[in-house]
Amino acid sequence: MKSLSYRWVIVVGGIFGLFGSLGLGRFALGMMLPAMGESLGLSYSQMGVISTVNFCGYLGAVLLCGILTARLGRPLLISLALALVSGSMILVGLSDHYLIVLILYLLTGVGSALSNVPIMALIAAWFDGSSRGRAAGFCVMGNGLGILITGKTVPVMNGMSSGWRLSWIVLGSVAGGIALLCYLLF
């Protein structure tokens with residue numbers, strides 16, 4: 001029988017994991033994109049494509065989750081995927097070229113899927129039917145926490161010189177810390 005107390009450690013790791021993968025990696029984009037677009041001279045179409053490639057990366061990676069989970073195991077895959085989210089976000093903050101931003105944000109989408117899907121599968125593996133929904137619901141709180149926290153912090157950082165770059169780098173660094181935390185917890 002799986003330890004009742006450790007199951008909730010898995011939930012805490014799941015909350016942080018979803019906070020990093022989706023709350024930071026996907027949902028913060030909308031707050032950084034206007035300043036980023038202005039700085040890089042992007043059109044509205046180009047900004048829309050940046051968001052779209054993230055979803056394409058996510059969709060493509062979902063198809064690989066089963067294979068990669070079987071090869072690496074859920075804990076390692078989650079941590080590596082969050083590290084990919086982290087690294088790609090930091091590099092977006094350092095980039096000056098539209099095509100590079102597209103590739104990097106595609107990789108953010110890949111990392112988001114490769115962490116999100118195994119986290120939810122980890123919950124399913126650790127919880128029986130009577131408590132699985134509650135545990136999954138707690139995990140999904142990470143997404144909302146990401147929106148809430150970035151909603152308060154990104155506008156402040158955007159107000160600084162090169163604030164959109166700072167936002168990407170800071171949020172990417174937080175995602176990197178979460179990758180390490182999930183590695184230790186899982």
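## Briefing on an all-helix model

What covers the buried residues of helix α3 includes α1 (4-24), α2 (29-40), α4 (65-72) and α6 (98-126). The structure is a predicted model, and the protein in it has 8 helices and 0 strands, so that reading from the N terminus gives the order α-α-α-α-α-α-α-α. The points below begin with the protein as a whole, then turn to α3, to the nonpolar cores and to one proline.

**Overall form**

- A compact globule of 186 residues would have a radius of gyration near 16 Å, and the protein agrees with this because its own value is 16 Å.
- Along its principal axes, the C-alpha trace spans about 55 × 30 × 25 Å.
- Of the 186 residues, 46% count as buried, while the protein exposes about 8,500 Å², of which carbon and sulfur atoms supply 72%.
- Among contacts with a separation of 6 or more, 83% come from residues that stand 24 or more positions apart.

**Helix α3**

- Helix α3 covers residues 44-62, and since its 19 residues at 1.5 Å a residue should span 27 Å, the 28 Å between its end C-alpha atoms agrees with what is expected.
- The buried residues of α3 are Met47, Ile50, Val53, Asn54, Gly57, Tyr58 and Ala61; seen down the helix axis, they fall within an arc of 135 degrees, and therefore they line one face of the helix.
- On the other side of α3, Tyr44, Ser45 and Leu59 are exposed.

**Nonpolar cores**

- In soluble globular proteins, nonpolar side chains tend to be buried together.
- The largest nonpolar core here has 42 residues, of which Met36, Ile50, Ile123 and Trp168 touch the most other members.
- At least two residues of this core come from each of α1, α2, α3, α5, α6, α7 (129-158) and α8 (163-185), and the largest share, 8 residues, is supplied by α8.
- Apart from this core lies another, of 9 residues, which includes Tyr58, Ala61, Leu77 and Ala81.
- Trp168, leaving aside its neighbours within four places in sequence, is in contact with Leu29, Met32, Met36, Met89, Ile90, Val92, Gly93 and Tyr105.

**Pro75**

- Pro75 has its place in helix α5 (residues 74-94), and it counts as partly exposed because its relative accessibility is 29%, which lies between the limits for buried (under 20%) and exposed (over 50%).
- Although Pro75 and Ser115 are 40 residues apart in sequence, their C-alpha atoms are 9.2 Å apart in space.

How values were computed:
Residues numbered from 1 in each chain as written. Predicted model: local features only at pLDDT ≥ 70, side-chain atom pairs only at ≥ 80, totals over all residues. Heavy atoms only, no water. Helix = DSSP H or I, 4+ residues; strand = E, 2+ residues; numbered from the N terminus. Expected span 1.5 Å × (residues − 1). Buried < 20%, exposed > 50% of the residue type's maximum accessible area, 1.4 Å probe, protein only. Arc of directions from axis to C-beta. Contact = heavy atoms within 4.5 Å. Rg over C-alpha atoms; globule rule 2.2 N^0.38 Å. Areas by Shrake-Rupley, 256 points an atom, 1.4 Å probe, with all protein chains shown as cover. Core = buried A, V, L, I, M, F, W, Y, C linked by side-chain atoms within 4.5 Å.
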